[in-house]
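Colleague: I have just opened this one and have not looked at it before. Could you walk me through it?

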Amino acid sequence: MRISNVYSLIALMAGLASGLSAASANAAVYVSYGADGQARFASERLDPSFQLLVPDSPSASPPAPRPVLGVAASARRTQLDALFTEIGNRHGIDPALVKAVAHVESRFNPDAVSPKGATGVMQMMPATAARYGAKQLKDARINLDAGTRHLKDLLNQYDGNLALALAAYNAGGGAVKRYGKNIPPFRETMLYVPEVLTHYEGYRNPAQPSMPSPLK
């Protein structure tokens, strides 16, 4: 199935750059589909086959609908709402962006642990978290603080390019560098970046109608 069908509302995303104080965000994402329907994402038009998916500045496009969660995940999100606001504002990152990352990473589950050892709401790897002095990664406050600081550092590293910062959050900065500062062609990362962007726009525009999303 083409990724555009899996996320049929991604093309509605717009205005993702506003609200980020780390830098003047350049959140443009381009997509190119191969003959087999496989999508490739990049932060610039690499060749004529690439079409703009997410603009780097606000436009008149309709905003993405609000994300939907299952009952348990929705309750967890509600419990964390005040922390998203507090920690996002403290570090100069739009709380809606922090919330979108937590949505995709863990469905707001402080006890989530991936097979690779990523832990907590923001799915922090212990080595990465240690750089921010974070050890108790199942503590939602500690985890969110470390994850938000890491996200801010990535935004600064990539001059406010939200798409690349998210790609590095998912795949690591080394992978982004190896592919010429573009979104790495890994299936997980190619799905991750537009999914976070979709939820980010949804959380920035909570008055919009709800959209279906995987329930966990």
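Modeller: Let me begin with a term that we will need: a crossing of two helices is called right-handed if the near helix is turned clockwise from the far one by less than a right angle, and left-handed if it is turned anticlockwise. With that in mind, helix 2 passes helix 5 in a right-handed crossing. Please keep in mind that this is a predicted model.

Colleague: Okay, and at what angle do helix 2 and helix 5 pack?

Modeller: Helix 2 and helix 5 pack at an angle of about 40°, and their axes are 10 Å apart. On the side of helix 2 the contact is made by L80, L83, F84, E86, I87, G88, R90 and H91, while helix 5 brings A140, R141, L144, D145, T148, R149 and K152.

Colleague: How many residues of that contact of helix 2 with helix 5 are charged?

Modeller: Six are charged, alongside six nonpolar and three polar residues.

Colleague: What about helix 3, how does it cross helix 5?

Modeller: The axes of helix 3 and helix 5 come within 11 Å and cross at roughly 110°, which means that helix 3 is roughly perpendicular to helix 5. Helix 3 also passes helix 5 in a right-handed crossing. The residues that meet are L97, V98 and V101 in helix 3 and L144, T148, L151 and L155 in helix 5, and by class this contact has six nonpolar residues, one polar and no charged ones.

Colleague: And which residues make the contact between helix 5 and helix 6?

Modeller: Before the residues, the geometry: helix 5 and helix 6, the latter covering residues 162–171, pack at an angle of about 130° with their axes 8 Å apart, and therefore helix 5 is oblique to helix 6. The crossing of helix 5 past helix 6 is right-handed. The contact itself is made by G147, H150, L151, L154 and L155 of helix 5 together with L162, A165, L166, A168 and Y169 of helix 6, and it counts eight nonpolar, two polar and no charged residues.

Colleague: Changing topic, how many aromatic pairs are there?

Modeller: The structure holds two aromatic pairs. One of them is formed by F84 and F108, which sit edge-to-face at 5.8 Å centre to centre, with 70° between the planes. F84 lies in helix 2 and F108 in the loop between helix 3 and helix 4, so the pair ties together parts that are 24 residues apart in sequence.

Colleague: Last thing, where in the chain is the confidence lowest, and where is it highest?

Modeller: Confidence is lowest in helix 1, residues 3–6, with a mean of 31, and highest in helix 5, residues 140–157, at 97. For the chain, the mean pLDDT is 77, and 69% of the residues reach 70 or more. Over residues 58–66 the pLDDT is below 50, and this stretch has 30 contacts in the model beyond near neighbours in sequence. Residues 209–216 also stay under 50, and for them the model has 21 contacts beyond four places in sequence.

How values were computed
Residues are numbered from 1 along each chain as its sequence is written. This is a predicted model: local features need pLDDT of at least 70, side-chain atom pairs count only at pLDDT 80 or more; totals for chains, interfaces and linings use all residues. Side-chain values use heavy atoms; hydrogens and water are left out. pLDDT is the predictor's confidence in each residue, from 0 to 100. Helices (H or I, at least four residues) and strands (E, at least two) are DSSP runs, numbered from the N terminus. Contact means heavy atoms within 4.5 Å. Axes are lines fitted to C-alpha atoms, for helices over the stretch in contact, and angles run from 0 to 180 degrees between N-to-C directions. Angles under 35 degrees count as roughly parallel, over 145 as roughly antiparallel, 65 to 115 as roughly perpendicular and the rest as oblique. Ala, Val, Leu, Ile, Met, Phe, Trp, Tyr, Cys and Pro count as nonpolar, Asp, Glu, Lys and Arg as charged, and the others, Gly among them, as polar. Rings of Phe, Tyr and Trp (its six-membered ring) pair if their centres lie within 6.5 Å; planes under 30 degrees apart count as stacked, over 60 as edge-to-face and the rest as tilted.
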